[in-house]
Amino acid sequence: MPNIFKIAYGAVGSTLLTVFAAGILLAGKDQTSSPPEYASVSFLIILLIFLGCAALIFGVLAFVMERRYRGLLDRTDTLAEDNHNLELYKKAVEQSENSIVIMDEEGQILYVNP
């Protein structure tokens, strides 16, 4: 797994833990205090919820990117193997003692082995 995905998963996990811990701490805070302090606590809760949602979105995007990256790697490996096989077939056709002619539907010659 590439390092960027490990970093993304770690960031999401640590952010969510921080949000939960801060939410527990803020939930236990005395809410009968003066209005300015209560407003700042509300702002912090909203900010932490926003950060948690952003971390969750970041994690989902990292997950999707990782799946696409793995799919791309699989396709690249398949393409390399197919190219290798094509080169083998090409050499076999070129070295054949028999005459091989490839033509299109209109009768035009596309390939003749040497």
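These are my notebook entries on the predicted model shown above.

**Entry 1. Confidence.** I began with the predictor's own scores. The protein chain has a mean pLDDT of 75, and 63% of its residues reach 70 or more. I then looked up how the elements rank. Helix α1 (residues 3–27) has the lowest mean pLDDT, 64, while strand β1 (residues 101–103) has the highest, 86. I keep a general caution beside these values: where pLDDT is low, the predicted coordinates should not be read in detail.

**Entry 2. Layout.** I listed the secondary structure next. The protein chain contains 2 helices and 2 strands, and their order along the sequence is α-α-β-β. I also noted burial: the chain has 114 residues, of which 13% count as buried.

**Entry 3. The salt bridge.** How many salt bridges does the count come to? I recorded 1. The partners are Glu66 and Arg70, whose side chains meet at 2.7 Å, N to O. I asked how the two residues are placed along the helix. They are 4 residues apart in helix α2, so about one helical turn separates them. I then checked the accessibility of each partner. Glu66 has a relative accessible area of 7% and is therefore buried, since the cut-off is under 20%. Arg70 is partly exposed, because its relative accessibility of 43% falls between the limits of 20% and 50%.

**Entry 4. Surface patches.** I looked up two patches on the surface, one charged and one nonpolar. The negative patch gathers Asp74, Asp77, Glu81 and Asp82. I located Asp74 in helix α2, which spans residues 35–94. The nonpolar patch covers about 490 Å² and is made by Phe43, Leu44, Leu47, Phe50 and Leu51. I followed Leu51 further and found this residue in helix α2 as well. Is Leu51 buried, partly exposed or exposed? I noted a relative accessibility of 39%, so Leu51 counts as partly exposed. That value also satisfies the patch rule, because the rule asks for over 30% relative accessible area.

**Entry 5. Glu97.** My last query concerned the loop between α2 and β1, where Glu97 lies. With a relative accessible area of 81%, Glu97 is exposed, because the cut-off is over 50%. I also took its separation from Asn113. Glu97 and Asn113 are 16 residues apart in sequence, and their C-alpha atoms are 9.4 Å apart in space.

How values were computed: Residues numbered from 1 in each chain as written. Predicted model: local features only at pLDDT ≥ 70, side-chain atom pairs only at ≥ 80, totals over all residues. Heavy atoms only, no water. Patch = residues over 30% accessible without salt bridge, like charges linked within 9 Å, V, L, I, M, F, W, Y side chains within 5 Å. Areas by Shrake-Rupley, 256 points an atom, 1.4 Å probe, with all protein chains shown as cover. Salt bridge = Lys/Arg side-chain N within 4 Å of Asp/Glu carboxyl O. Lys, Arg positive; Asp, Glu negative; His and termini not counted. Charge placed at Lys NZ, Arg CZ, Asp CG, Glu CD. Buried < 20%, exposed > 50% of the residue type's maximum accessible area, 1.4 Å probe, protein only. pLDDT = per-residue confidence, 0-100.
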